Structures are given as C-alpha cells and as structure tokens.
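Biologist: Please give me a close look at one part of this model, the largest nonpolar core. I would like to see how its members are placed among the elements of the chain, and what surrounds them.

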Amino acid sequence: MINEWNPVEIYPLLEDEYYSEIRKIHEKSKETNSVEESVKQIHSVFAPSFKKEFDKSIEDCQLIAEKIINITK
C-alpha cells in the first residue's frame with residue numbers, strides 16, 4: 001500500500017524503497033485501532049525520514065491510514 005501511495009513520488013520506485021518506513025508503520029499500527037492516531041504515526045515516520053521531499057500533510061495521510069487500519073484490524 002505504501003509503495004502504491006508512493007508519498008515521496010520516487011521514480012523508478014524500487015520494491016524495497018520504503019522498507020524502513022513500512023516496518024516502523026507496521027510496528028506502530030499494532031498499538032492503535034484509531035485512524036486518527038494512525039494518520040499521525042504515518043506522518044511522524046515519513047516527515048523525519050524524507051524531510052523536504054515529504055510534503056504530505058496530516059490530511060494527505062488519511063486515506064492510507066484508513067487502508068492500513070482496515071487490513072491490520
């Protein structure tokens with residue numbers, strides 16, 4: 001899902017491009033059932049990793065957070 005979303009718009013996208021971030025998000029997703037909390041977690045993982053390249057707002061993370069919550073719960 002994260003690769004499909006491609007939040008930093010990396011082209012060409014390697015299969016493991018977001019591996020580290022996906023792993024962090026997966027671990028954090030175990031701690032919450034809340035979409036709102038998941039949105040904050042996703043943003044807090046990507047913002048420090050990619051700094052200026054990650055220009056998504058909290059609101060931009062909403063759809064992917066919903067998808068992750070639906071799959072993990």
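Modeller: Helices (DSSP runs of H or I, at least four residues) and strands (DSSP runs of E, at least two residues) are numbered from the N terminus. Read in that way, the chain runs α-α-α-α from the N terminus on, with four helices and zero strands. The model is a predicted one, in which local features need pLDDT of at least 70 and side-chain atom pairs count only at pLDDT 80 or more, while totals for chains, interfaces and linings use all residues. Residues are numbered from 1 along each chain as its sequence is written, and side-chain values use heavy atoms, with hydrogens and water left out.

Before turning to the core, the overall frame may help. The C-alpha atoms fill a box of roughly 30 × 20 × 15 Å along the principal axes. A compact globule of 73 residues would have a radius of gyration near 11 Å, and the chain agrees with this because its own value is 11 Å; the radius is taken over C-alpha atoms, and the globule rule is 2.2 Å times the number of residues to the power 0.38. Of the 73 residues, 36% are buried, where buried means under 20% relative accessible area, exposed means over 50%, and partly exposed is in between, for a 1.4 Å probe and protein chains only. Among contacts (heavy atoms within 4.5 Å) with a separation of 6 or more, 53% come from residues 24 or more positions apart.

The largest nonpolar core has 17 residues, and the members that touch the most others are Ile 2, Tyr 18, Ile 25, Ile 42, Phe 46 and Phe 50. Such a core is a set of buried Ala, Val, Leu, Ile, Met, Phe, Trp, Tyr and Cys residues joined through side-chain atoms within 4.5 Å. Two or more residues come from each of the elements α3 (35-50) and α4 (62-72), and α3 gives the most, with six residues. In soluble globular proteins, nonpolar side chains tend to be buried together.

Phe 50 deserves a separate look: leaving aside its neighbours within four places in sequence, this residue is in contact with Val 8, Ile 10, Tyr 18 and Glu 21. Glu 21 is itself one of the buried residues of helix α2 (residues 19-29), together with Ile 25 and Ser 29. Seen down the axis of α2, these buried residues fall within an arc of 70°, so they line one face of the helix; the arc is that of the directions from the helix axis to the C-beta atoms. An α-helix has 3.6 residues a turn, so residues three or four places apart point the same way.

Tyr 18 leads from the core to Asn 6, since a polar contact of 2.5 Å joins the side chains of these two residues. A polar contact is a pair of N or O atoms within 3.5 Å; within protein, one must be able to donate a hydrogen and the other to accept it, and residues adjacent in sequence count only if both atoms are side-chain atoms. Asn 6 is found in the loop between α1 and α2 and is buried, with a relative accessible area of 5%. A polar atom of the Asn 6 side chain also lies 3.0 Å from the backbone oxygen of Ile 10. Beyond four places in sequence, Asn 6 is in contact with Tyr 11, Leu 13 and Tyr 18.

Ile 2 leads in turn towards helix α4, where Lys 67 is found. The C-alpha atoms of Lys 67 and Ile 2 are 9.9 Å apart, although 65 residues separate them in sequence. Lys 67 counts as partly exposed, at 40% relative accessibility. Met 1, in the segment before α1, is likewise partly exposed, at 35%, and its contacts beyond four places in sequence are Ile 64, Lys 67, Ile 68 and Ile 71.

Around these parts there are two salt bridges, each a side-chain nitrogen of Lys or Arg within 4 Å of a carboxyl oxygen of Asp or Glu. In one of them, Lys 56 pairs with Glu 9, the closest N and O atoms being 3.7 Å apart. Lys 56 lies in the loop between α3 and α4 and Glu 9 in the loop between α1 (2-5) and α2, so the pair ties together parts that are 47 residues apart in sequence. Lys 56 is buried, at 17% relative accessible area, whereas Glu 9 is exposed, at 51%. Glu 27 forms a salt bridge with Lys 30, with 3.3 Å between the closest N and O atoms; Glu 27 is partly exposed, at 42%, and Lys 30 is exposed, at 54%.
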